[in-house]
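Student: I would like to go through this model with you. Where should we begin?

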Amino acid sequence: MITWRSIARTFQRHHAPLRAQVRQLSLLEHHSHKLLKEFKLPVPLGFLVTTPEQAKDVVSEMTYGPSMIKAQVLAGGRGKGKFNSDGKSGVRLVDSPSEAFQSATNMLGYYLTTAQTPKDGLRVDSLYIYKAVSIAQEFYFAMTFDRQRSSPVLLVSSSGGTNIESNVDSLHKIWFGLSTGITDEIHAYIQAELGFSDVEMKDIHRILVQMVKLFKQKDATLLELNPLVRTEEGEFVCLDAKFGFDNAARYRQQGIFALEERSPEQEEEHQLAKLGLNYVRLDGNIGNIVNGAGLAMATNDLIGLLGGKCANFLDVGGAATKEALSKAFGVLKNDPRVKGILINIYGGIVRCDMIAEAIIAAAAEMGGFKCPVVVRLQGTNSEKGLKLIEESGLDNVVVEPEFEEAAQMIVKLTPGVES
């Protein structure tokens, strides 16, 4: 017999705590360059294109020298990544308009796989093009928060670009205050450790001051310039940047959050969050609709113990309205991986008969359930709720008031699951 205590013990042994997912906004590179430029940080003049013809025209207008073409996806490691079209990377150097056209043809509409993308990669629908610069040295400059010290921290290194990945030990960590910013002591330390001349340090100091302003004013959790390069002509230019922003600051930073790019899965999560639902995509084939994070964790774990695998963590909390449940069912219905659904609701403030009515109404809007659905209701008016569902005439629906039996039932009924 599987007990609640055995579930808890197994969960503690094998799983990190599942929590409601909080995504932090990140920007595509062309948006990042625009933001850097707004704060007077040096960036090359760049253009966003969505067709090979546009890529050819942009490079034609850059009258001399090679140009950089960079895939616009929210993932690092593009330079070491590979496209499923020609096996080449997501960052390319082209010497002519015809090369730009050919590269863009093999990049747009294809999938780029890097160390930070899903296994199948990310589809590339836009490219950012700017004139290549002659690089004398690459540096790494970043600002983020040290949660243990409750302080922002500056990270700098003379090994920038992809070299930073193998030279993490070269990072200098410098804690600072948002009110004090870049002090004379920080200035002197960076100059001594990275070997900048007095003339170069004037530019570096100006860049650091503007980084602090941007970091503070825009509620950033990460501001990473990688690489910040020194050109052969002695100028400093930010070639690539990565940002993170505090989700709690969304109401203050509406302009920045309006730039948010979302994958189809992230769009589902976003729409559900607007209805007060917490959704996390997993890699199984049993969909869950549960109220309460604790019950959701126990449900995920029990299904795993019984030989099944969950496709999601979907906590409707106290927002189990007809609209919310319809949206939740719609997400699971459109997910081709989902072959069975378990609805596990413990009624407290939310009455089980209201949940049952919402399930019946949502099913009617969807034209019924196309896969097996097990409904477990416990708590306030649970008997009334279960009776409503039993008498509804819904196909593919089984009611089961006991938790373990309900989990066993959905594992047994879900195609492709060995119980």
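**The second largest pocket**

Student: What volume does the second largest pocket have?

Tutor: The second largest pocket has a volume of about 880 Å³. On a 1 Å grid over the protein atoms alone, a pocket is an open set of points with protein on both sides within 12 Å along at least five of seven lines, where a cavity is a set of points where a 1.4 Å probe fits but cannot get out. Grid points are joined across faces, edges and corners, and the volume is the space filled by probe spheres set on the points.

Student: Which residues are closest to its centre?

Tutor: Among the 37 residues lining this pocket, Gly76, Gly77, Arg78, Asn226 and Asp240 are the closest to the centre. A lining residue has an atom within 4 Å of a point.

Student: And which strands supply at least two residues each to the lining?

Tutor: Strands β2 (67-71), β8 (135-146), β11 (220-231) and β13 (241-245) do so. Strands (E, at least two residues) and helices (H or I, at least four) are DSSP runs, numbered from the N terminus. By class, 20 lining residues are nonpolar, 9 polar and 8 charged. Here Ala, Val, Leu, Ile, Met, Phe, Trp, Tyr, Cys and Pro count as nonpolar, Asp, Glu, Lys and Arg as charged, and the others, Gly among them, as polar.

Student: Before we continue, what conventions apply?

Tutor: This is a predicted model, in which local features need pLDDT of at least 70 and side-chain atom pairs count only at pLDDT 80 or more, while totals for chains, interfaces and linings use all residues. Residues are numbered from 1 along each chain as its sequence is written, and side-chain values use heavy atoms, with hydrogens and water left out.

Student: What is the mean pLDDT of the chain?

Tutor: The mean pLDDT is 87, and 89% of the residues reach 70 or more; pLDDT is the predictor's confidence in each residue, from 0 to 100. Among the elements, helix α1 (residues 4-14) has the lowest mean, 40, and strand β3 (residues 82-83) the highest, 98. Over residues 1-23 the pLDDT is below 50, and this stretch has 37 contacts in the model beyond near neighbours in sequence. A contact means heavy atoms within 4.5 Å. Where pLDDT is low, the predicted coordinates should not be read in detail.

Student: How many helices and strands are there in the chain?

Tutor: The chain has 13 helices and 19 strands. Of its 419 residues, 49% count as buried. Buried means under 20% relative accessible area, exposed over 50%, and partly exposed in between (1.4 Å probe, protein chains only).

Student: Back to Asn226: what kind of peptide bond joins asparagine 226 and proline 227?

Tutor: The bond is cis, with omega about 5°. Proline 227 is placed in strand β11.

Student: Turning to the loop between α6 and β11, is aspartate 219 there buried or exposed?

Tutor: Aspartate 219 has a relative accessible area of 18%, so it counts as buried. Its phi is positive, near 55°, although the residue is other than glycine. Glutamine 253, in the loop between β13 and α7 (254-257), has its C-alpha 7.8 Å from that of aspartate 219, with their positions 34 residues apart in sequence. Glutamine 253 is in contact with Gln217, Lys218 and Asp219, its neighbours within four places in sequence left aside.

Student: Why does glutamine 253 count as buried?

Tutor: Glutamine 253 counts as buried because its relative accessibility is 7%.

Student: New topic. How far apart are the end C-alpha atoms of α11?

Tutor: They are 21 Å apart, which agrees with the 21 Å that the 15 residues of α11 (residues 352-366) should span at 1.5 Å a residue. The expected span is 1.5 Å times one less than the number of residues. Among the buried residues of α11 are Ile355, Ala358, Ile359, Ala362 and Met366. An α-helix has 3.6 residues a turn, so residues three or four places apart point the same way.

Student: What follows α11?

Tutor: Glycine 367 follows α11, and its phi is positive, near 80°.
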